[in-house]
Amino acid sequence: MQKPKFLAYELRKIIFPGCKTLLDVGCGENSVVQFFKPNLQKTVGVDIFAKSIGIHDTYIKANALDIDKYFKPRSFDCVISIDVIEHLEKNQALELIKKMERIAKKCLVIQTPNGFLRQGPEGGNPYQVHKCGFTADEFRKMGYKVKGMDGPKFLRGECAKIRYKPEILFSVLANILDPVYRYFPEASFNLLAYVKRFD
């Protein structure tokens, strides 16, 4: 199981100090922003799934690809998109990344699985199907820095579930190894890609 506090810790290091406003693209109903929202002046969440109402000041039900219709260039200090781009076709995912780059004033942070990870609809949400994958090298070529998240890739499968039994033992192992794999994104389960070039 993914540990959102680990992700929150890494996000805090990337977006603070300096960011006061944040756009959460594909926020879901349990956004990681809840762990550091008090440090922000304004947060807005966007999600296409009606049940995904999160903890933001404002919530917009919309397709992530339409964010440029709602937000002007450089209108948020930081834009984050956690576990979203893999649900789009590759060309759409690249289009969304460009749109988020335009909206972000100071930084953009993206988390996505390391490579293509098969996944079907989850929790009655048809938008949970995975359609594409990205590698650390692809992000670096676009100018992003990349960290590994959620421990070794070989320990997890669909929906980040532990592959081996006893699950509790291998889950503990994945969490212990998680900080080490920050430095080995090519071998990690998730990629945390970020860019700070909007000054």
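These notes go through the sheet, a helix that lies across it, a surface patch and several salt bridges in a predicted model.

1. The sheet is open and has seven strands, which follow the order β3-β2-β1-β4-β5-β7-β6 with mixed pairing. At its edges lie β3 (58–61) and β6 (145–152), each of which pairs on one side only, and neighbouring strands are turned against each other by 15° on average, direction ignored.

2. Within this sheet, strand β1 (residues 21–25) and strand β4 (residues 76–82) run parallel and are joined by three bridges; L23, for instance, has V79 in β4 as its bridge partner. Helix α3 (residues 90–103) lies across β1, β4 and β5 (104–113), and runs at about 150° to β5.

3. Side chains of opposite charge can pair when their charged atoms come close. The whole structure contains 12 salt bridges, and in one of them the side chains of R182 and E10 meet at 2.8 Å, N to O. Because R182 lies in the loop between α5 and β7 (188–195) while E10 lies in helix α1 (residues 4–15), this pair ties together parts that are 172 residues apart in sequence. Both residues, R182 and E10, are buried, and they belong to a network of salt bridges that also links K13, K147 and D178.

4. In helix α3, K98 forms a salt bridge with E101, with the closest N and O atoms 3.8 Å apart; the two are three residues apart, so about one helical turn separates them. K98 is partly exposed, at a relative accessible area of 43%, whereas E101 is buried, at 10%.

5. On the surface, I168, L169, V172 and I176 form a nonpolar patch with about 410 Å² of accessible area together, and L169 lies in helix α5 (residues 167–177).

Definitions and conventions
Residues are numbered from 1 along each chain as its sequence is written. This is a predicted model: local features need pLDDT of at least 70, side-chain atom pairs count only at pLDDT 80 or more; totals for chains, interfaces and linings use all residues. Side-chain values use heavy atoms; hydrogens and water are left out. Two strands pair if DSSP finds at least two bridges between them. Helices (H or I, at least four residues) and strands (E, at least two) are DSSP runs, numbered from the N terminus. Axes are lines fitted to C-alpha atoms, for helices over the stretch in contact, and angles run from 0 to 180 degrees between N-to-C directions. Contact means heavy atoms within 4.5 Å. Patches are made of residues with over 30% relative accessible area and no salt bridge: like charges are joined within 9 Å, nonpolar side chains (Val, Leu, Ile, Met, Phe, Trp, Tyr) within 5 Å. Accessible areas come from the Shrake-Rupley method with a 1.4 Å probe; for residues, only the protein chains shown count as cover. A salt bridge is a side-chain nitrogen of Lys or Arg within 4 Å of a carboxyl oxygen of Asp or Glu. Buried means under 20% relative accessible area, exposed over 50%, partly exposed in between (1.4 Å probe, protein chains only).
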